[in-house]
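Please read these points with the structure open beside you. They go from the whole chain to a few of its parts.

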Amino acid sequence: MSFLSDIIIIGAGPAGLAFARYFKGTDLKIVMIDKADLTDIQDPAYDGREIALTHHSKEILQDLGVWQRFGHDEIYPLKDAKVYNGGFDYDLHFTVPKDLQRLSSIDRLGNLISNHNIKKALYDEVKELPNVQLLTAVSVNSIHIDDTMAKITLNDGTILTTKLIIGADSRMSYVRRTLGIGAHMNDFGRTVVVFRVRHTQSNQATAQECFFDGRTLALLPLQDDLTNCVITLDNHQAKELLSKSPNELAKEAQRMMGDKLGACTIAGTVHHYPLMGVHANTFIAKRAALIGDAAVGMHPVTAHGYNLGLMSVDTLGKLIIKAYHDDLDIASDALLHKYNLQHQAHTRPLYHGTNMMVSLFTTQTRPMRILRDATLRISNNLPPVKRWITSQLTGKS
């Protein structure tokens with residue numbers, strides 16, 4: 001069996017689905033390929049991830065018709081953010097600048113939405129599109145690209161031909177490696193443990209990040225008495241933490257919080273993930289482009305991950321839509337190079353800057369502890385620095 005499409009998207013996760021939705025109302029033929037079963041894409045399970053979305057990301061999702069699908073109780077406001085170094089005696093505090101509140105009526109830094117709710121809303125938008133076909137429970141065996149066309153062979157023998165291939169298939173992207181695109185990869189040798197806790201004191205809709213010796217604790221506010229805990233620690237410590245009973249784990253989280261949220265109990269399931277960052281050396285090849293985590297996978301400390309994924313969708317999608325309306329090649333070298341330049345310019349400084357910040361805040365020597373404390377205090381008292389960081393958190397300048 002063989003058939004022709006305009007765009008093939010490999011990976012039906014949040015980035016791939018958002019990219020497919022971008023072409024609603026066009027006659028571009030889109031084929032999506034994913035190894036997962038259809039039921040897992042239709043009704044994704046809760047995976048512990050709470051995604052911090054900037055206001056710019058909210059606007060992109062609104063334009064795609066996705067934001068409107070979230071229930072009011074699925075959107076958690078992120079009012080403030082605080083960063084601590086080693087304890088809770090001093091914090092670097094971020095709020096929405098007063099001028100930004102006046103000019104744009106923004107009343108929060110951003111919003112938190114569970115990853116599985118984002119994926120479901122995106123799927124529900126895409127499933128009715130007549131120009132999108134989703135092939136599930138299949139994998140790609142080979143990719144061949146020449147000057148005029150790209151060909152993909154699936155493990156069931158199906159041959160697909162297309163004008164443009166989009167890799168949206170995770171940080172360990174098969175597409176990226178098959179196309180011969182190198183990447184800067186940083187295996188932090190650490191594990192992220194995530195779970196929700198109920199607590200007796202209000203979290204005041206404030207995100208908190210505390211860098212302890214050997215561990216990092218992030219608290220993401222959901223409901224007033226419900227918080228998502230994200231503990232990052234080395235792999236050996238992670239095994240020990242994951243071996244605890246729910247009651248023991250809740251007590252350990254409460255201890256790490258310094259009892260700031262009162263008595264805690266586990267609310268739901270516990271999940272863990274290896275911590276790895278990746279940044280592709282280039283986001284393009286002949287008749288191919290990378291988006292989402294296949295292009296850039298961030299350390300979660302700055303909460304940029306899916307925001308950069310949506311930015312890649314928006315940047316490349318706009319270029320393709322313009323070429324489509326101008327009756328130009330949607331996979332031309334000029335178009336793809338423009339996408340690469342724009343997205344690299346935004347992501348590369350953030351990726352390497354984040355890794356430098358992680359190194360600063362996790363290196364356990366006395367000089368680095370002193371430097372961390374000085375960094376927090378200086379940043380707190382330099383309005384331009386705080387304003388720049390806040391603009392990164394909100395997506396608004």
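**Notes on the chain**

1. The model is predicted. Of the contacts in the chain with a separation of 6 or more, 73% are between residues 24 or more positions apart. A contact here means heavy atoms within 4.5 Å.

2. The chain holds 12 helices and 20 strands. It has 397 residues, and 53% of them are buried. To follow the points below, note that a residue counts as buried when its relative accessible area is under 20%.

3. The exposed surface of the chain comes to about 17700 Å². Carbon and sulfur atoms supply 53% of that area.

4. How many residues of helix 1 are buried? In this helix, residues 14-21, the count is 8 of the 8, so helix 1 is largely enclosed by the rest of the structure. The buried residues are Pro14, Ala15, Gly16, Leu17, Ala18, Phe19, Ala20 and Arg21. You can find each of them in the view and check what surrounds it.

5. One open sheet has 3 strands, in the order 3-7-4, with antiparallel pairing. Strand 3 (50-53) and strand 4 (76-78) stand at its edges. Each has a single partner strand, so one side of each is left without a neighbour in the sheet. On average, neighbouring strands of this sheet are turned by 30° against each other, direction ignored.

6. Within that sheet, strand 4 pairs with strand 7 (residues 110-114) in the antiparallel sense, over 3 bridges. One position to look up is Pro77, whose bridge partner in strand 7 is Asn111.

7. Is strand 5 (residues 80-85) largely enclosed or left open? Of its 6 residues, 5 are buried, so strand 5 is largely enclosed by the rest of the structure.

8. Strand 5 pairs with strand 13 and with strand 6. With strand 13 (residues 206-212) the pairing is parallel and covers 6 bridges. There, Lys82 has Gln208 of strand 13 as its bridge partner. With strand 6 (residues 91-94) strand 5 runs antiparallel, and 4 bridges join the two. Tyr84 stands opposite Asp91 in strand 6.

9. Strand 5 and strand 6 also form a hairpin, with 5 residues between them. In the turn, Gly86 has a positive phi of about 85°.

10. When you look along any of these strands, keep one general rule in mind. In a regular strand the side chains alternate between the two faces of the sheet.

Technical notes. Residues are numbered from 1 along each chain as its sequence is written. This is a predicted model: local features need pLDDT of at least 70, side-chain atom pairs count only at pLDDT 80 or more; totals for chains, interfaces and linings use all residues. Side-chain values use heavy atoms; hydrogens and water are left out. Buried means under 20% relative accessible area, exposed over 50%, partly exposed in between (1.4 Å probe, protein chains only). Accessible areas come from the Shrake-Rupley method with a 1.4 Å probe; for residues, only the protein chains shown count as cover. Two strands pair if DSSP finds at least two bridges between them. Axes are lines fitted to C-alpha atoms, for helices over the stretch in contact, and angles run from 0 to 180 degrees between N-to-C directions.
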